Structure formats: C-alpha cells, structure tokens
Amino acid sequence: MTKTTIDGPNGAGSPVTVLGLGEMGSAIARTFVDRGFAVTVWNRTASKSVPLAEAGASVAATAAEAVAASPLVVVCLLDSTAVEEVLGSLDTAVADKVLVNVTSCSPAQARANESWARERGAEYLDGKIMGDPPYVGTPNIMFPFSGSSSAYEAHEPTLQVLGSIAYHGEDAGFAAVEFMGQVAVVYELLIGFLHTLKLVEKEGVDVAAFAERIAGSVGAFPPLVASIGKAAATGEFPPDLGSLNVQSALMDDMISHRESVGVEAVRMREVKKLMDRRVADGHGDQGFSGLYALLGKQG
C-alpha cells in the first residue's frame with residue numbers, strides 16, 4: 001500500500017501511541033502507520049503486535065513505555081474494565097499527555113476517566129466509533145469526540161485521519177451520549193421492523209419485496225425526525241402524522257391485527273396507552289411528538 005501523508009504539526013512523522021490491538025485498535029494503528037505517522041503500539045497479548053511491527057510500527061514492552069513515546073495516546077480496549085486496569089498501571093506516566101479513549105463506555109464512565117486524567121496532569125478526549133474496522137481511515141466511519149477543547153483543536157488533523165469526526169463539547173460524556181443515542185435509535189427501529197416483517201409474513205406477503213418498499217419509504221423520514229426533535233426541544237407539538245384523536249383510533253386496529261396473527265404487540269399497546277393519556281389530558285389535537293411530554297413520568 002502506498003503511504004499518504006499530511007502536512008502540518010500533526011503530519012508525517014508525528015508520534016502517536018495506540019494501546020490495544022484488537023480488530024479496531026489494529027485498524028487504527030495500521031491507518032496511522034499507512035499515513036506516515038511514527039506509531040508505537042502496545043497490547044497485552046504481544047503476538048497481536050507482530051503485523052503492526054512488520055508494517056513499520058514500534059512495539060513497546062509495557063503500556064507505560066508506549067505512553068512515554070508519544071504526546072498523543074489512543075486507547076482502544078475491550079471494555080471499561082480493561083481501560084481502568086491499563087490506566088491504573090500508568091498512573092502519573094500520563095502527565096502532559098493527551099489521552100483519547102475510543103473504548104465503548106457510558107457517559108458517567110467517560111466523565112470519571114476525564115477526572116482521573118486531569119488529576120494526573122493529562123488532557124482527555126472521549127471518543128466513540130460508529131462503524132467497522134475495515135472502514136477506519138475512510139469517510140464511512142464516524143468518530144464523535146468530547147472533552148478537552150484544546151486537545152481536540154491541537155490534534156484534530158491527526159484524528160481526521162481516522163474517518164469522519166465531530167466534536168460535541170467540553171463535557172467528556174457527550175460523545176458517549178451521541179453514540180448510545182444513535183445506536184439506540186437503530187436498534188429500536190430495527191426490532192420494530194423485524195416484528196412488522198413477521199406480521200407481513202403471517203399474512204402471506206413477500207417479506208423481501210415489502211422490505212424493498214419500506215427502503216423506498218424511509219427517505220421521507222429525515223424531515224419528520226427533525227420536526228419531532230424541534231418539538232421536543234420547544235414543547236410545541238404540531239399534529240405530525242395527524243392528530244392523536246385519529247391516531248389513537250388507528251392503534252386499536254394495529255393492536256388487534258397483530259394479536260390476531262400471533263405477532264408481539266407490546267410496543268403498540270405502549271403507544272396506545274400514551275396516546276390515550278395525552279388525549280385524556282386535552283391534547284388530542286397534537287401529533288405523535290406530543291407523547292414526548294409524558295416520557296419519564298410515572299403512571
């Protein structure tokens with residue numbers, strides 16, 4: 001592979017350390033190597049560093065040795081427990097370093113990591129990975145970051161090498177909020193889609209052909225999603241998808257149809273319950289977004 005490099009303070013030859021060489025960590029390290037960075041790697045299982053060494057990376061015997069080699073340290077481990085163990089072994093060795101942790105963790109864990117780093121004289125960026133290892137180094141993978149703004153500004157050119165990046169603010173937990181929110185929407189949508197496919201199949205309709213039609217329909221979703229987000233932020237709920245008075249009546253048909261063919265209707269019953277509460281509260285003229293006002297409330 002031909003190596004391409006970038007100019008500037010974080011360009012060719014700039015030192016970067018990568019801790020953790022699972023599939024994603026290896027892809028990150030290999031991308032830095034291929035772009036001409038001076039890469040130092042460390043992994044608890046030393047054999048995983050062999051391909052990176054053959055590609056031109058330096059292999060450190062310990063995590064502390066790897067951290068000492070670079071001002072920028074990317075941490076990509078299995079989970080938060082592994083991060084805590086590795087950081088615990090480093091302690092004050094991280095002073096004056098920038099730690100970029102792209103390991104999956106909760107917002108609270110990210111904030112705790114930021115506090116730990118700050119107490120030891122390091123700057124901290126929390127990052128999340130939205131994509132698969134083969135896409136590292138391309139625009140087809142997204143890295144949301146949050147935490148130290150000065151660290152982000154200083155190392156933005158380096159981070160851009162990894163893929164599409166975005167900064168979500170000084171609060172170190174915001175990248176995790178973004179990641180978990182984005183992933184949650186996908187799972188919520190897809191489990192509903194799978195149940196709907198089962199419903200369609202029960203009625204004898206070609207599920208593959210139906211899915212193709214749904215794929216064509218989702219192009220209309222972005223404006224609706226943006227509109228609902230605006231409504232949630234302002235508390236002004238227009239009659240999107242029609243008024244709740246009409247939608248509530250439709251839900252009875254949706255639920256009875258599912259139950260008649262033995263397809264799970266838990267989500268539909270939950271929606272119906274929320275609609276009925278909102279109508280009973282005198283908001284039947286509002287739309288689906290009005291259900292947001294009930295979420296998080298008891299009863």
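Which helix gives the largest share of the nonpolar patch? Keep that in mind as we walk through this predicted model.

**Stop one: the surface patch.** Select Val-186, Leu-189, Leu-190, Val-218, Phe-221 and Val-225. Together they make a nonpolar surface patch of about 510 Å². Helix 7 (174-202) and helix 9 (221-234) are the elements that give two or more residues to it. The answer to the opening question is helix 7, with three residues. Now click on Phe-221, which is found in helix 9. Phe-221 counts as partly exposed because its relative accessibility is 40%.

**Stop two: helix 5.** Next, select residues 107-119. The 13 residues of this helix should span 18 Å at 1.5 Å a residue, and the end C-alpha atoms are 19 Å apart, which agrees. Show the side chains of Pro-107, Ala-110, Asn-113, Glu-114, Trp-116 and Ala-117, which are buried. What do the buried residues of helix 5 pack against? Their neighbours are helix 4 (80-90), strand 5 (98-101), strand 6 (123-127) and helix 7, the last of which you met at the patch. Step just past the end of helix 5 to find Gly-121, with a positive phi of about 80 degrees.

**Stop three: strand 7.** Select residues 142-147. Five of the six residues here are buried, so strand 7 is largely enclosed by the rest of the structure. Strand 6 runs antiparallel to strand 7, and three bridges join them. To see one pairing, pick Leu-125 and its bridge partner in strand 7, Gly-147. Then add strand 8 (residues 164-167), which runs parallel to strand 7 and is joined to it by four bridges. Finish at Pro-144, which stands opposite Ala-166 in strand 8.

How values were computed:
Residues are numbered from 1 along each chain as its sequence is written. This is a predicted model: local features need pLDDT of at least 70, side-chain atom pairs count only at pLDDT 80 or more; totals for chains, interfaces and linings use all residues. Side-chain values use heavy atoms; hydrogens and water are left out. Patches are made of residues with over 30% relative accessible area and no salt bridge: like charges are joined within 9 Å, nonpolar side chains (Val, Leu, Ile, Met, Phe, Trp, Tyr) within 5 Å. Accessible areas come from the Shrake-Rupley method with a 1.4 Å probe; for residues, only the protein chains shown count as cover. A salt bridge is a side-chain nitrogen of Lys or Arg within 4 Å of a carboxyl oxygen of Asp or Glu. Buried means under 20% relative accessible area, exposed over 50%, partly exposed in between (1.4 Å probe, protein chains only). The expected span of a helix is 1.5 Å times one less than its number of residues. Contact means heavy atoms within 4.5 Å. Two strands pair if DSSP finds at least two bridges between them.
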